[in-house]
Amino acid sequence: MSDTIRHRLTPLEKSERRLGFAMLAPAFLLLAAVVLYPIVELIRNSFHFNHLAQPWMGTPFVGFENYVKALGDDRFHEAVLHTVLYVLVTVPGAVVIGLGLALLANQPFSVKWPVRLGLLLPWALPLVFAGLIFRWFFEYNQGIANAMLRGLGLEPLNWLTSPGLAFFAICLAIIWKSSSFVALVLLAGLQTIPKSFYEAAEVDGATKWQQFREITLPMLRPAIFVALIFRTITAIQTFDIPYAMTNGGPGNSTETLAMYIHKTTVDFLDLGYGSALAVLMFIVSAVITSVYLRHTRRDPGRH
Amino acid sequence: MAGIEIAQVVKAYGSVPVIHGIDLSVRDGEFVVLVGPSGCGKSTLLRMIAGLESVTGGTIRIGDRVVNDLPPRDRDIAMVFQDYALYPHRTVAENVGFGLRMRGVDAATIARKVNEAAEILQITHLLDRKPGQLSGGQRQRVAMGRAIVRDPKVFLFDEPLSNLDAQLRAEMRVEIKKLHQRFGTTIIYVTHDQVEAMTLADRIAILKAGHVEQFATPDEVYRQPRSTFVARFIGSPAMNIVPAKIVPDATTITLAGGASVAAPASFARARGRDVLLGLRAEHLRLAGAEGVPARTVIVEPLGSDTLALMQVGAVEMTGRFPPSAPLRAGGEVALGLDLDQAHLFDPETGLAIV
């Protein structure tokens, strides 16, 4: 922009600019009220002692004390580790499954709506419901998972009460729930690829697999990045499904960062410490998102 | 190299037939243009030859093989698409070499063939660019490059020039004709533009509503159109086709609106009949007093010659006149009609009376 010539605004341009600001003002004020103000309040809280169960202590400024406490808090470390594991498993999982679903839904079915509906339903379902449904699936006595094991002549498993299995079951539920969103994003991407690309490849002798590798995947890259960003941000905030399925148990073995923040503030009433944890989570989210965004901006495949 | 035999080919989508038993015999090395208005089935027929559409009935033969059930990659054809179908994430060189790489040709051979093709098409300096950085005409060349590196038995072109402006279209037309002269490969070329058809084709197949109206050389479809459809479709401006009646002794022909003109001896073939008289613009001229009275409606000077729309009795006819002709809108003239060059069509069937 530096090489554009700066010129005085004409009266007409000035009045247009004023009108523009006036039109933007309501939206800006609304966002300020529901986003900006809470974030500022959160950051302010994180530097104060604020425990609702100890009202006699007041809310003194404590500097970085809450943050220092987090560094030495084993339960916080575990929650971070679990969250990272959920991200590492469910983000690629949902993208791979979602890609498969999108490719399936992009086939020339004569009747399209049942496929689209099947794709949309898991997405439209509230997260807690999805958690409850999978909790029933993995319930010890009557769940479908153990029923299948018994049907195969195997011993039923303690799905939700042994740490490794509970983690596995929760990941499965998250992938099921979130892959439909990924599939929708990728399906939109697939539909922007001209049919003639595949026809030209067909005439040129490419097999279906070669067409997928040479056309579909590279052309889908921008959509895959979008899906990855959205999926990663929501995965960092994972809460509802493990909350409904195990409530973080057994022990704290499936507890995520969001759940620990929730427990600290809502159950233990420690607003100051909870705010500090939330700020830390916010920073992690922002850093990961900016890394993705930088990558997409550099991506030479975009045109 | 191979000829193509299309025998009784039918295409239907569900119960809707779009191609009704087409027969077409393309000789080895021939340049055949399929032309017709949109919806006539020309692109569908081309896509059936390519294998991108299934064949409902009849047989398609490339060389001596029936290809009805062969997938496109086994037909040894190359196709240039209307939108060029260039992959935006690949360089020009990679696009041109795509087909060879898919078939497992080694990298050195691909590089050599790509360079050869690039030289022929004068795109060597573009090989490292992406299609997004090219102009329409350059993309068109790249698309042709991708076809010629494959060295196929048959080239198929699906309206390849329709996305270009008029000047580039004329340029690329010459380029395509040169390529055909150089390689001598059989070409089937689809267009809705009769100028492309006339200038490129060895033979033109004019399609109408799923059947072939006429299949002949450009000269023949111009001089001996089989029907009013062909007569109107080929040639610019379109042939004048006006209702007329030939008297029983075939000495004169009466145009709608009453003007009577002496008929040439050949009109005896339609004595006493109502006909459609077909006369090309170049067969109208300004005559002396013996001409048919007419009024000039619109004058369109083209530089090399001048077109004028004339009101002759109850009908309008377009004539092509020398630029020096004294024409002005609203002026009265006497027209000479070269009726020995005229065509007679049956008003019921639209077919030529011969």
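**Notebook: chains A and B**

I began with helix H1 of chain B, residues 42-50, and found it mostly covered, with eight of its nine residues buried. The model is a predicted one, and I read every entry below in that light. I listed the buried residues of H1(B) as Lys42(B), Ser43(B), Thr44(B), Leu45(B), Leu46(B), Met48(B), Ile49(B) and Ala50(B). Just after the helix I looked up Gly51(B), which follows H1(B) and has a positive phi near 95°.

**Core**

Three of those H1(B) residues came up again when I took the contacts of Leu156(B): this residue touches Leu46(B), Ile49(B) and Ala50(B), and also Ile77(B), Met79(B) and Ile188(B), leaving aside residues up to four places away in sequence. I then looked up the largest nonpolar core and noted 157 residues in it. Leu156(B) is among the residues with the most contacts inside this core, together with Leu186(A), Met79(B) and Ile188(B). Which helix gives the most to this core? I found that it is H7 of chain A, residues 163-190, with 13 residues.

**Helix pair in chain A**

I next checked how H7(A) packs against helix H4 of chain A, residues 113-124. The angle between H4(A) and H7(A) is about 125°, and their axes are 8 Å apart. An angle between 115 and 145 degrees counts as oblique, and H4(A) and H7(A) are therefore oblique to each other. I recorded the crossing of the two helices as left-handed. On the H4(A) side I noted Leu119(A), Leu120(A), Pro122(A) and Trp123(A); they meet Trp176(A), Lys177(A), Ser180(A), Phe181(A), Ala183(A) and Leu184(A) in H7(A).

**Contact between the chains**

I counted 16 residues from chain A and 18 residues from chain B in the contact. On the side of chain A that touches chain B, the elements giving two or more residues are helix H8 (195-204) and helix H9 (208-236) of chain A. H8(A) supplies the largest share of that side, seven residues.

**Five-stranded sheet in chain B**

I traced an open sheet of five strands in chain B, in the order S15-S19-S16-S17-S18, with antiparallel pairing. Its edge strands are S15 (284-286) and S18 (315-321) of chain B, each of which pairs on one side only. I noted an average twist of 50° from one strand to the next.

Within this sheet I followed S16(B), S17(B) and S18(B). Strand S16 (residues 292-301) of chain B runs antiparallel to S17(B) and is joined to it by six bridges. S17(B) itself covers residues 306-312 and has seven bridges to S18(B), again antiparallel. I found Met310(B) of S17(B) in both pairings: Thr296(B) stands opposite it, and its bridge partner in S18(B) is Met317(B).

I also looked at the two hairpins. Four residues lie between S16(B) and S17(B), and in this hairpin Gly303(B) takes a positive phi near 95°. Two residues lie between S17(B) and S18(B), where Gly313(B) takes a positive phi near 60°.

**Strands around S14(B)**

What does S14(B) pair with? I found six bridges between strand S11 (residues 240-246) and strand S14 (residues 274-279) of chain B, which run antiparallel. In this pairing Pro243(B) stands opposite Leu276(B). S14(B) also pairs with strand S20 (residues 343-345) of chain B, in the antiparallel sense and over three bridges. There I noted Leu344(B) in S20(B) as the bridge partner of Leu277(B).

Methods. Residues are numbered from 1 along each chain as its sequence is written. Chains are lettered from A and ligands numbered from 1 in the order in which they are written. This is a predicted model: local features need pLDDT of at least 70, side-chain atom pairs count only at pLDDT 80 or more; totals for chains, interfaces and linings use all residues. A residue is buried if 20 or more other C-beta atoms lie within 10 Å of its own, exposed if 12 or fewer, and partly exposed in between; C-beta atoms are placed from the backbone. Two strands pair if DSSP finds at least two bridges between them. A nonpolar core is a set of buried Ala, Val, Leu, Ile, Met, Phe, Trp, Tyr and Cys residues joined through C-beta atoms within 7 Å. Two residues are in contact if their C-beta atoms, placed from the backbone, lie within 7 Å. Axes are lines fitted to C-alpha atoms, for helices over the stretch in contact, and angles run from 0 to 180 degrees between N-to-C directions. Angles under 35 degrees count as roughly parallel, over 145 as roughly antiparallel, 65 to 115 as roughly perpendicular and the rest as oblique. A crossing is left-handed if the near helix is turned anticlockwise from the far one by less than a right angle, and right-handed if clockwise.
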